[in-house]
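Colleague: Please take a close look at the sheet in chain A. In what order do its strands lie, and which of them stand at the edges?

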2 protein chains.
Amino acid sequence: MRSGKITLAHGSGGRLSRELIEREILSRFTAGALAALPDAATLPRPGNELIFSTDSFVVSPLFFPGGNIGDLAVYGTVNDIAVCGGKPLWLSLALVLEEGLELSVLCAVLDSVKNAAQTCGVQIVTGDTKVVQRGQCDGMYLTSAGVGERLPAFALGQSRLAAGDAVLTSGPLGDHGMAVMSVREGLNFQSGPTSDTGPVHRLVAAAGELSSAVKMMRDPTRGGAAAVLNEMVSGSNFDVVLDEANIPAAPNTRALAEILGFDLLHIASEGRFLAVCERAAAEELAQRFRRFPEGAGAAIIGSVAAGQGRVVLNTVTGGRRLVSLPEGELLPRIC
Amino acid sequence: MRSGKITLAHGSGGRLSRELIEREILSRFTAGALAALPDAATLPRPGNELIFSTDSFVVSPLFFPGGNIGDLAVYGTVNDIAVCGGKPLWLSLALVLEEGLELSVLCAVLDSVKNAAQTCGVQIVTGDTKVVQRGQCDGMYLTSAGVGERLPAFALGQSRLAAGDAVLTSGPLGDHGMAVMSVREGLNFQSGPTSDTGPVHRLVAAAGELSSAVKMMRDPTRGGAAAVLNEMVSGSNFDVVLDEANIPAAPNTRALAEILGFDLLHIASEGRFLAVCERAAAEELAQRFRRFPEGAGAAIIGSVAAGQGRVVLNTVTGGRRLVSLPEGELLPRIC
């Protein structure tokens, strides 16, 4: 029995999140695929292996510029399966609804779930609905789980990292976090940040015959790029070295992050992924991503070098700094 | 856009639950296995088919006589897969935690999850952890999803019902609902009702070569036996006729239900299932169940007759009444 209490920082995607998961979750459930801290598990099956993933969504507010909790719940699980090298096929949807929720709000969210599922070619095949009294949830929480087929062309894992590998992003970073923040804080921009909430599975599939050159993929949700890049190299003999000048971000998103004092690398995206791939394939891979609207902003943002499991940023001003996991809770209920 | 608000009755497992699911969920997501209102979906796969299910758990209080939200989350999904004729294999676990939750409480729940998973021979393979501010959930909500293999010996479906079939329960009914109710209402019995929270997958597997004689299985959770039996015959040309004298219930559970004015058939169980099977196999099936502690109270409680999709009870006093879906919300947050 450990003492202490759960804090918002335990849900941040940062250091305390990771400690909670390592100490209390992984310590109990390490027999399975969980041991590798993945976004999804690989289920051994005759024929193609399956990928299995889940996420709860508690975003506040339910609707934000560019999306709502419904499409977020679909794309979140679709993306977790995709970045594990899977083709998403089937989703479950479990609803926790607050007494007094307007039925019209529920319907609008369910319409978004339906549209998002159609966009991704996945089926919502099973679900559950619970209702709690007023004041026992905030409108609604959704939990999606998903099952997909592993695309055999991918061979992903930290063990494949090599000095010289390239680090790519599929698009500009931080739009989701800053869009939610702007509406939550009542910042009424004429044209504020818009969430990137969307699917990445088409980009993953578009890697095609370059798939074997891809070594790791992760979607930078809670904790942002900083969290997933640190996890990618954690415990390895490699660093990720980012070039700040090459990191794409929408001007409004970058501006708001600066005004509010956030590090763009700590801000969640919900329709992007980061990939490490062989340097020789990187430019071709980025070009393939750019053929899709959701990959139009794909860019090579850094490289892998011999090191000590750190993420280092070469700043635009010529400096060099460590990019650490976020501390504390910057943005509660961002997804 | 429909008008109106979500009420507790929408989460009851009764008539309003069913209307909400039919009007707003199934109307949008009928392409898949959802159309048949199952507890789980069948995923077509080369070789054995897979069963996929999910449930959110919002039970209050988190700990109750006989269990807690942790083992409930494991057994609930294990049982949904089992009663769809599946062998549960892999589970996901998504946590929504309230800021301020005692870490010791979380650890006790996770220990129960671990033990329950071991009991069932399933692995927790993936998960998620979110934290919401104080007052935005009630301690914790858990959502489990599960994947299992379909046991090919079962051929389940309403289309197989025939007049003369037997209706079985794997054990006494209503213990879970009355155990939660007793602690919630502060009724301090010396020996009050104890939840039946537990797995039924061993009983399902024990059907063995009798599996083909089993025509339908359902676990009577929210809405109780009344809800699942009504669903079993809804829209068919058959009635279920129950013999009240043969319906097993623990004395304390029966007494508390009577004191509080509840119909035992409306009260949730969390470690039982009801089965319809060929009459000739019924007694042998019940005997097989009785070989396990969790099936010790198995009993034949009624039969299928030509009819109009209703559930009819022959009462102990010689009367006959319709058993309807529960109306309103009898027991919010029972699971």
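Modeller: What follows goes through the sheet, the helix lying across it, and then the relation between the two chains. The model is a predicted one.

The sheet in chain A is open and has five strands, in the order E1-E2-E7-E5-E6, with mixed pairing. In general, strands of a sheet pair through backbone hydrogen bonds, in either a parallel or an antiparallel sense. The edge positions are taken by strand E1 (41–43) and strand E6 (123–132) of chain A; each has a single partner strand, so one side of each has no neighbour in the sheet. From one strand to the next, the twist averages 20 degrees.

One pairing can be followed down to residues. Strand E2 of chain A, residues 50–57, is antiparallel to strand E7 of chain A, residues 140–150, and eight bridges join the two. Within this pairing, Ile51(A) has Gly148(A) of E7(A) as its bridge partner.

Helix H3 of chain A, residues 103–120, lies across E5 (86–98), E6 and E7 of chain A. Relative to E5(A), helix H3 of chain A runs at about 175 degrees.

As for the two chains, a turn of 180 degrees with a shift of 0.0 Å along the axis lays chain A on chain B, with an RMSD of 0.0 Å. This is the relation of a two-fold axis. The C-alpha of Cys137(A) is the one nearest the axis in chain A, at 2.4 Å from it. Both copies use the same surface, as 100% of the contact residues of chain A recur in chain B.

Key: Residues are numbered from 1 along each chain as its sequence is written. Chains are lettered from A and ligands numbered from 1 in the order in which they are written. This is a predicted model: local features need pLDDT of at least 70, side-chain atom pairs count only at pLDDT 80 or more; totals for chains, interfaces and linings use all residues. Copies are superposed by least squares on the C-alpha atoms of residues with pLDDT of at least 70 in both. Two residues are in contact if their C-beta atoms, placed from the backbone, lie within 7 Å. Two strands pair if DSSP finds at least two bridges between them. Helices (H or I, at least four residues) and strands (E, at least two) are DSSP runs, numbered from the N terminus. Axes are lines fitted to C-alpha atoms, for helices over the stretch in contact, and angles run from 0 to 180 degrees between N-to-C directions.
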